[in-house]
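Thanks for sharing this one with me. Below are my notes, set out as numbered points so that you can follow them with the structure open beside you.

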Amino acid sequence: MFSDRLKKKIEIKFFSLKFRLMAFITIILLLVVGVPVGLFVYQLDKNYSDFSVNMIETTSQVVYQFIFDGMMKNDSLVIQHNLELLAMEPTIKQVRIYRPTGKILYSSSRSEVNKNVRTYSNMLTSSKDGSSEIEAFARNGNIYTHRHPIYIQKECTPCHKNEGALIAVMDIKAGFTQSDQMYVASKKLIIFGGVLIIVILWILLNLLYQSQVETRLKTIMAGFEHLPKGNFDFKIRMPGQHELALLAQKFNQMVENLKISRQKEEQFFLEKLQRADRLVTLGEVAAEIAHEVNNPAGIILTRAEYLKDEMLDQNVNSGSIEDLDIIIQQTEKIAETTRSILHYSRKLPHTFSEVNLNELIPHSIKILEPRIKKCKVKIKLNMPQSPSIVWGNFNQLEQVFCNLINNSLDFICENSGVIQVVTKKIYDEKGKSIYRVAYQDNGPGVPDEYHNKIFSPFFTTKDSDKGTGLGLFIVKNILANHNANINLEKVGHSGARFIITMEVYDG
C-alpha cells in the first residue's frame, strides 16, 4: 500500500507541469550555455596544443643554434658541455642527440652517452621500422617532446659526405610549467563558470516559476476546491493583467454565475415543491370531495333505479321512465368518475404480481375517459387477443399510461387528436421474448434538441401553469423499477412516439 502510494506520488511529480518545465529549462540551459562553453574549451585546447608545438619547436631551434658551433667544429666536449648547461634551464628537461641506429652521442644526462636510445621506454618513434627519420611531437602530462632529424648540410661536407643524408636525431623534452598552469587554471575557470551560470540561471528560473506561476496556480486550484463544498462566496484575489490574473477573473465570474444559477435553481425547486405540495393538497381535497360526492350519487342512483322499477311494475307508460334512464345514466357517470378519482389517489401497497397489459391499458384509458371525451380525442388500441402478462405492480404501471395520455392531451388539438397504442410480442437480440408497446400521438412532437432532456426531472415545454416536468421522469423511473425501458423515437415533424419494452412473464 505504501509502495503504491509512493509510486503514485512519484508519477504525479514526474508528469507535473513544473517537472516538465524544469526539465525543458535544464535542456535549454545546457544547449545555450553548455554547448558554447564546450566549444570554447575545445578551441582553447586546440589553441594551447598549437602553442605548445610552436614553443617546443622554438626551443628545439634555440638548442640547435646553441650547439651548432660545437657541431661545426666537431668538438664533442663543447657539445656535451652545452647540453649540460641547457639542462640547467627549468624549461628544458632533457636533450639527447643520437645516431639513426639509436646510439646516444650526447645527452644532458652524461650517464646516457654511448647507450642505445631504444632501451628507454619514452623513446619517440613514428616510422613503421622504428627509425627516427620523421619529425614528430608528443605530450606526456606536462612534458612535451620534439624529435628533430639532423641532416648533413653543406657546411658539414668538409667532415661528412652524402649531403642531405640523416646523420643524427635531436630529442628534446621540455616543460612549460607556468603556461601550462595558466592554461589549466583558465580551463577550470571557464568550465566552473559555465556550470555556475547554468546552476544560477536554473535556480533563478525555478524561483521565478514558483513566484510568478506556481503560487498563482495553487491559488486558483484552491478556489476550485471550494466549489464542491458549495462555497460560492469565495473569490480569488489576484491583481494584474497577466494571463493567470485574467483566468482568476474568469473563475470569479464563473463562481458568480454559478451562485446566481444556484439561487434561481433553488427558487425554481422551491416553486415546484410548493406547487407539488398544492397539488398533493388539491389531490387530497379532490379525493375527499369525490368521496363526499360518491355517497349522494349512490343514493340518487339507487332511488332512481327504485322509481324506475316501481313504474315498470305498475306498467306506467310515460316519458318519466326515459327521464329516469337519463338520470341513472348520468349518475352512473358521476359515480364512475368519483370512483376513478378515489382509485387513482389511493395509496396501495407496491406489491408485484401478474399484470395483463390487455386489461391495464384500457383501464388506464377508462380513468381518463372524461378528459379524453372533453378533448374529443380518438384512441386506437391494437393488442394481441391472447393475454399479455408481465410481472409488476398494476397501479404503478397504470400511472405510466395515465401520465403518457395526460401528456398527449396537453398538446393534441381538439377534433383531430389521435392516440394509437400497439402492443406486440417480439424477440430481442438475445432471443428473449418481450412485449413492445408503441405509444404514438399526432401532436406537435418533440424538437430534436429536447430528445436528451425529455426524461429529466422538472423539464417541460408546457406553460408554467400546466406542467411540473415530472410526468415522463416518473414514467421512466417506474419502468426502470420494473426492469423495463422507454425510448423516444423520431417520427418526423408530427407526433411523439414512445417505445416501451417489458419482459414477458412465463410464470
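1. A word on terms before anything else: helices are DSSP runs of H or I with at least four residues, strands are runs of E with at least two, and both are numbered from the N terminus. Please also keep in mind that this is a predicted model. With those terms, tyrosine 42 belongs to helix H2, which covers residues 17-72.

2. Now the overall picture. The chain has 10 helices and 12 strands. Its residues number 507, and 32% of them count as buried. About 32,200 Å² of the chain is exposed, with carbon and sulfur atoms supplying 58% of that area. Among contacts with a separation of 6 or more, 62% come from residues 24 or more positions apart.

3. Back to tyrosine 42 for a moment. Is this residue of helix H2 buried or exposed? Tyrosine 42 is exposed, because its relative accessible area is 55% and the exposed class begins over 50%. Along the chain, tyrosine 42 and lysine 187 are 145 residues apart, yet 9.7 Å separates their C-alpha atoms.

4. Next, the salt bridges. The whole structure contains 11 of them. In general terms, side chains of opposite charge can pair when their charged atoms come close. One of these pairs joins arginine 96 to aspartate 171, with 3.6 Å between the closest N and O atoms. Distant parts of the chain are linked by this pair: arginine 96 sits in strand S1 (residues 92-98) and aspartate 171 in strand S5 (residues 166-175), 75 residues apart.

5. Are the two partners of that bridge buried or exposed? Arginine 96 has a relative accessible area of 1%, so it is buried. Aspartate 171 is buried as well, at 2% relative accessibility; the cut-off for this class is under 20%. The bridge also belongs to a network of salt bridges that links Arg96, Glu112, Asp171 and Lys173. I would look at that network with the side chains displayed.

6. A second bridge is found between aspartate 325 and lysine 308, at 2.5 Å from N to O. Aspartate 325 is in helix H6 and lysine 308 in helix H5, so this pair ties together parts that are 17 residues apart in sequence. Both partners are partly exposed: aspartate 325 has a relative accessible area of 31%, and lysine 308 comes in at 23%.

7. In a third bridge, the side chains of arginine 436 and glutamate 489 meet at 3.9 Å, N to O. Which parts of the chain does this pair tie together? Arginine 436 lies in strand S10 (residues 433-441) and glutamate 489 in strand S11 (residues 485-489), so the parts joined are 53 residues apart in sequence. Arginine 436 is partly exposed, with a relative accessible area of 24%, and glutamate 489 is partly exposed at 31%.

8. Helices H5 and H6 deserve another look for their charges. On the surface, Glu305, Asp309, Glu310, Asp313 and Glu332 gather in a patch of negative charge. Which helix gives the most to the negative patch? Helix H5 (residues 243-313) does, with four residues. Glutamate 332 has its place in helix H6 (residues 320-345) and is partly exposed, with a relative accessible area of 39%.

9. Threonine 331 is also in helix H6, but this residue counts as buried, at 6% relative accessibility. Apart from neighbours within four places in sequence, threonine 331 is in contact with Ala297, Ile300 and Leu301. Isoleucine 299, by comparison, is a residue of helix H5 that counts as exposed at 51% relative accessibility. From C-alpha to C-alpha, isoleucine 299 and threonine 331 are 9.6 Å apart in space, with their positions 32 residues apart in sequence.

10. A last point for the backbone check. Most residues other than glycine have a negative phi. Asparagine 114 has a positive phi, near 70°; this residue is in the loop between strand S2 (104-107) and strand S3 (136-140) and is exposed, with a relative accessible area of 55%. Lysine 376 likewise has a positive phi, near 55°, and is found in the loop between helix H8 (369-375) and strand S7 (378-382).

How values were computed:
Residues are numbered from 1 along each chain as its sequence is written. This is a predicted model: local features need pLDDT of at least 70, side-chain atom pairs count only at pLDDT 80 or more; totals for chains, interfaces and linings use all residues. Side-chain values use heavy atoms; hydrogens and water are left out. Patches are made of residues with over 30% relative accessible area and no salt bridge: like charges are joined within 9 Å, nonpolar side chains (Val, Leu, Ile, Met, Phe, Trp, Tyr) within 5 Å. Accessible areas come from the Shrake-Rupley method with a 1.4 Å probe; for residues, only the protein chains shown count as cover. A salt bridge is a side-chain nitrogen of Lys or Arg within 4 Å of a carboxyl oxygen of Asp or Glu. Lys and Arg count as positive and Asp and Glu as negative; His and the chain ends are not counted. The place of a charge is taken as NZ of Lys, CZ of Arg, CG of Asp or CD of Glu. Buried means under 20% relative accessible area, exposed over 50%, partly exposed in between (1.4 Å probe, protein chains only). Contact means heavy atoms within 4.5 Å.
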